Each structure stands twice: as C-alpha cells, then as structure tokens.
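This report looks at charged side-chain pairs and at one case of helix packing. The sequence and the structure come first.

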Amino acid sequence: ITGTPAAWQALTSAVRSDDPDEHRAALVGISHRARPVALPFLLEASRSPELATRLIALAGLARLADVRALEPLAAAAAGDHEELRDAALSLLEERSDPEAAEVLVEIALAADPAHPIHATLSRPSASRIAAIQARLVGAADRAARVLAAALARMRDAAATAALLASLSAPSAAARLAAATALIAIDADGAR
C-alpha cells in the first residue's frame with residue numbers, strides 16, 4: 001500500500017502530524033518501505049524526545065542499507081538509556097552486513113566490560129567474525145582481550161578458526177589473547 005504515490009504522500013503528510021499516534025503510525029508505514037526516501041523521516045524521528053517514536057525510527061533505520069542509518073543505531077546502542085540501547089543492540093545483531101558488524105566492534109572496544117554489547121558481539125555470524133578478526137590482528141592489550149573473548153564465547157567453528165589464525169598475527173597482544181581464549185575453550189590443538 002505504501003508503494004503508490006498517493007499512499008506515500010499520505011504517509012509523508014501524516015508523519016508531520018501533531019497527533020503523536022498519527023505521527024507514529026505514519027512512521028511505521030514509512031519504516032516498512034525500507035527505501036532511501038524514508039531515511040530523512042527516520043533520522044529526524046530518531047532524535048525525538050518521545051521513546052516510542054525513537055524506537056519506531058530505530059527499527060526503520062535498521063532496515064535501510066544506507067550507512068547513515070547506522071549512526072543513530074550506534075548512538076543508541078552505546079548510550080545509557082536501557083530500552084533504546086537494548087533495542088539498538090538487537091537491531092544491529094539482526095543485520096549481517098560488515099558495516100553493522102564494525103559498529104558492534106567499535107562499541108565493544110569502547111564499552112565497560114559489563115555492557116550488553118559484549119553478549120551481542122559474541123553471537124556467531126560471518127560478518128561479526130570477519131570484523132573481529134580484522135581488528136584482532138593488530139590489536140593492543142585490552143582490545144585484543146575483548147575481541148578474542150568475543151570469538152571464544154561464540155563457540156563456533158569459524159570463530160575458533162579465526163582465533164587459530166590470530167596465533168600468527170603481527171600483534172603480540174593478539175597472539176596472547178587468542179592463545180588464552182583457545183585454551184579457555186579447550187579448542188583442539190590449543191594445548
């Protein structure tokens with residue numbers, strides 16, 4: 001229904017409504033479109049003071065392939081507001097693109113060890129494993145430990161292979177973190 005010009009015009013008019021329910025309903029319609037033309041509406045809504053509006057906007061932004069859609073998701077995922085953070089982490093976790101995986105890595109490297117980003121980053125996916133491995137090879141002490149631990153928590157063959165490959169990384173911290181993680185998960189060939 002949002003594919004017709006008349007339907008799109010109705011949604012863009014309704015999204016400007018002063019009625020919060022009408023505004024959010026239009027945002028839902030716009031977010032399901034998942035096309036570049038929805039980006040400005042969703043970016044604006046992601047800055048709303050209303051929680052429900054921001055959550056709808058984040059869900060819509062997660063459907064867009066545009067890199068600019070990742071900025072509000074990353075900000076929410078790294079932020080202090082628990083509902084927004086958890087929603088953004090969940091939405092980023094569902095994405096399989098390398099850009100979203102890199103966002104998760106960046107947040108994890110800057111986050112406190114108790115932050116839920118570490119659990120999200122530790123869920124197996126090819127893009128997350130690749131993003132972690134790419135950063136691990138040159139990582140310094142703390143970063144190497146964070147990244148190797150994420151791979152170890154995956155309990156996945158590809159993640160274990162990434163740890164094994166990191167044993168020959170140029171960074172001594174990466175090699176140590178990978179070896180420690182492999183021993184911790186009792187990987188074949190680690191001892």
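Arg24 and Asp21 lie three residues apart in helix H2 (residues 20-33), which means that about one helical turn separates them. In this predicted model, their side chains meet in a salt bridge, with an N to O distance of 3.4 Å. The two partners differ in accessibility: Arg24 is buried, at a relative accessible area of 18%, whereas Asp21 is exposed, at 56%. Arg24 counts as buried because its value falls under the cut-off of 20%, and Asp21 counts as exposed because its value is over 50%.

The structure holds eight salt bridges. Three of them are listed here, including the pair in H2.

| Salt bridge | N to O distance |
|---|---|
| Arg24 and Asp21 | 3.4 Å |
| Arg95 and Asp97 | 2.9 Å |
| Arg135 and Glu102 | 2.6 Å |

In the bridge between Arg95 and Asp97, Arg95 is buried, with a relative accessible area of 11%. Asp97 is buried as well, at 18%.

Arg135 forms a salt bridge with Glu102, and the closest N and O atoms are 2.6 Å apart. This pair links distant parts of the chain, since Arg135 belongs to helix H9 (residues 126-136) and Glu102 to helix H7 (residues 98-110), 33 residues apart. Arg135 is partly exposed, with a relative accessible area of 29%, and Glu102 is partly exposed at 28%. Elsewhere, Asp21, Arg24 and Glu50 are joined into one network by salt bridges that share partners.

Helix H7 also takes part in helix packing. Two packed helices are described by the angle between their axes and the distance between the axes. How do helix H5 and H7 pack in terms of angle and axis distance? Helix H5 (residues 70-78) packs with H7 at an angle of about 30°, and the axes are 10 Å apart. Because angles under 35 degrees count as roughly parallel, H5 and H7 are roughly parallel to each other. Their crossing is right-handed.

On the H5 side, the contact is made by Leu70, Ala74, Ala77 and Ala78. H7 contributes Glu99, Ala100, Val103 and Ile107. By class, the contact of H5 with H7 has seven nonpolar residues, no polar residues and one charged residue. The charged residue is Glu99 of H7.

Note on methods. Residues are numbered from 1 along each chain as its sequence is written. This is a predicted model: local features need pLDDT of at least 70, side-chain atom pairs count only at pLDDT 80 or more; totals for chains, interfaces and linings use all residues. Side-chain values use heavy atoms; hydrogens and water are left out. A salt bridge is a side-chain nitrogen of Lys or Arg within 4 Å of a carboxyl oxygen of Asp or Glu. Helices (H or I, at least four residues) and strands (E, at least two) are DSSP runs, numbered from the N terminus. Buried means under 20% relative accessible area, exposed over 50%, partly exposed in between (1.4 Å probe, protein chains only). Axes are lines fitted to C-alpha atoms, for helices over the stretch in contact, and angles run from 0 to 180 degrees between N-to-C directions. Angles under 35 degrees count as roughly parallel, over 145 as roughly antiparallel, 65 to 115 as roughly perpendicular and the rest as oblique. A crossing is left-handed if the near helix is turned anticlockwise from the far one by less than a right angle, and right-handed if clockwise. Contact means heavy atoms within 4.5 Å.
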